[in-house]
Amino acid sequence: MTRAKLGTVGALVTALALGCATPPRPRELDAYDALKKDPNLAAAGKRAPDLVTSSDKLGAKANDEWQSNDLEESRRDALMAQVKLKTALALAEQDRLKAKIEKLSADQAAAEEDLASVSKDLASETEKLTLLQKYLEARKNADADKQRLSAQMSSEQQKAEAEQQRLSSQLATEQKIAAAQLSLHTAETVDAAKYASAEYRAAADMIGKAQEELKSGAFAPAQASADVAKKNADHAAELAKPKYEQAEAANQNTARDAALSNDAAGIAGVSVRREKRGELQRLVLAVPDLFVKKQTTLGPGHDNVLDGLAQLVNKYPTYPVQIVGHTDNRGKSTELVAISAARAQAVYSALVARGVEARRLMPSGVGSDEPIEDNHSASGRAKNNRIEIVFLYH
Amino acid sequence: MSRWTKRRVFFLPLLAVLATLATLATPRTVRAGEEDDLQRQIETQRAGVSDLERLDELHTAGDEVVLLKAWLDEAWALRAKHEYDQVREVLDRSLAQAELIRQKISVSKLRAQSDKREAALTETRRKTEAARKALADTTVKKKALEASSK
């Protein structure tokens, strides 16, 4: 066999092999086969068994036709098989979706119920929270108000205490000023303006200053001024008191002396004179005619004079009283002294008998040593024969 | 879609099937005017396509509609070539395709409804979770206030 013949035979065998080989699978058939792998195929078979059966038959037929190289028929049947199977799948999908929708509806109802429950709980909890917040806010405000009121009360209390303190200080100051004024008035009772004028003026000035300071609210300085004023006033009173008492006593003595003199002048048969011997003043009541000639006993008819003298001595009990006997100059001096002394003693006894304290009376006789008239005449001698009641004072 | 249009969509394929069966049952010699009959069937199905397009509000069956139109064009071309058997075969497939499109439209509408409900459920659950969290926060806050108020 030649090489050319062998080539021809080979070409024929190749052509025969190619002619007998299965043609390319139509893509419609491939698509159908791919569709058959759909996971929902079983569901589609249940939902539309007729369609699936028909599809299967058409698919098998298309496959056979392809095997038989009848490609056009295979393609058409594959297409129809696809359409039917797709329809069946669509129906199954509808059922699945309906079931899903139904489940979703149930789930939605449950979810809405759950949401309603949670929302209700939330609303309740929110309301509680709101109420709690309001309560806390109210309590916070109440605390703030309480604190504010407390502060206000504290402030008011402080003000009241300050006012009380001020009033207390004012009262203390007024009391000190009043005390100073009382001291000043006390000083005035002893005429301190006259007898301790510098201290008195200082006290009065300090009181004025204290009052000014009181008006301006300077209580401490006012109290100090009042204290100084009181000291000055007390000092003035202290200084003035003895002088005042002395002057007052002098005034009283003068008045008493004058009264004594007047009262003495009112006794009938008595002549009154004043005289001064050294520091002593003497009110002399001369009583003549109590004794006859050289006698030393009192004659009758002199009770009025003696009663008047006794009353006078008793009325002025502070005066020491001398009873001095006097005579004229007729006779011996020693004899005259004795007579005058005896006469003084007689008057002394008469006055004591009339209630005069004996210790106040000092009887003595001086004879004719202190005549008051001329002894050359009878009337003069009569006047010199006398008893003198002498009130002594400064 | 009007009631008349719904009825037409429902009955036209049925009429087409009946017409096809009648044609097949009729001997070839008596198929006078067969071409006109097929033409009417094709036109009827084409009218049905428009109705299907209107039904497909969510545009989920666009590919199938395109395919259906192509098949109807093919049927029309075959009719012109007097390939009546093939025309009927294509019309049968077109009727099945139309049914498929209706079911897919139903599926899409159900899916939309499902998605909507799922979204609503998700939203409700989200609200519930938010409310639950707010409740927990409120409880914690309340307890803290109660503790601080003692």
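Two strands count as paired if DSSP finds at least two bridges between them. In this predicted model, S1 (residues 271-277) and S2 of chain A clear that bar, with 7 bridges joining the antiparallel pair. S1(A) and S2(A) make up a hairpin, and 2 residues sit between them. In the turn, A:Gly278 takes a positive phi of about 65 degrees. Further along the hairpin, A:Arg274 sits opposite A:Leu283 of S2(A).

S2(A), which covers residues 280-288, also pairs with S5(A): the two run antiparallel and share 8 bridges. Two of the contacts can be picked out by name. A:Gln281 has A:Tyr393 as its bridge partner in S5(A), while A:Val284 is matched with A:Val390.

S5(A) has another antiparallel neighbour in S3 (residues 321-326) of chain A, and 6 bridges hold that pairing. Here A:Val321 finds its bridge partner in A:Phe391 of S5(A). Put together, S5(A) is bridged to S2(A) as well as to S3(A), and S2(A) in turn is bridged to S1(A).

How much of S5(A) is buried? Of the 8 residues in this strand (residues 386-393), 6 are buried, so S5(A) is largely enclosed by the rest of the structure. Buried here means that 20 or more other C-beta atoms lie within 10 Å of the residue's own.

Technical notes
Residues are numbered from 1 along each chain as its sequence is written. Chains are lettered from A and ligands numbered from 1 in the order in which they are written. This is a predicted model: local features need pLDDT of at least 70, side-chain atom pairs count only at pLDDT 80 or more; totals for chains, interfaces and linings use all residues. A residue is buried if 20 or more other C-beta atoms lie within 10 Å of its own, exposed if 12 or fewer, and partly exposed in between; C-beta atoms are placed from the backbone. Helices (H or I, at least four residues) and strands (E, at least two) are DSSP runs, numbered from the N terminus.
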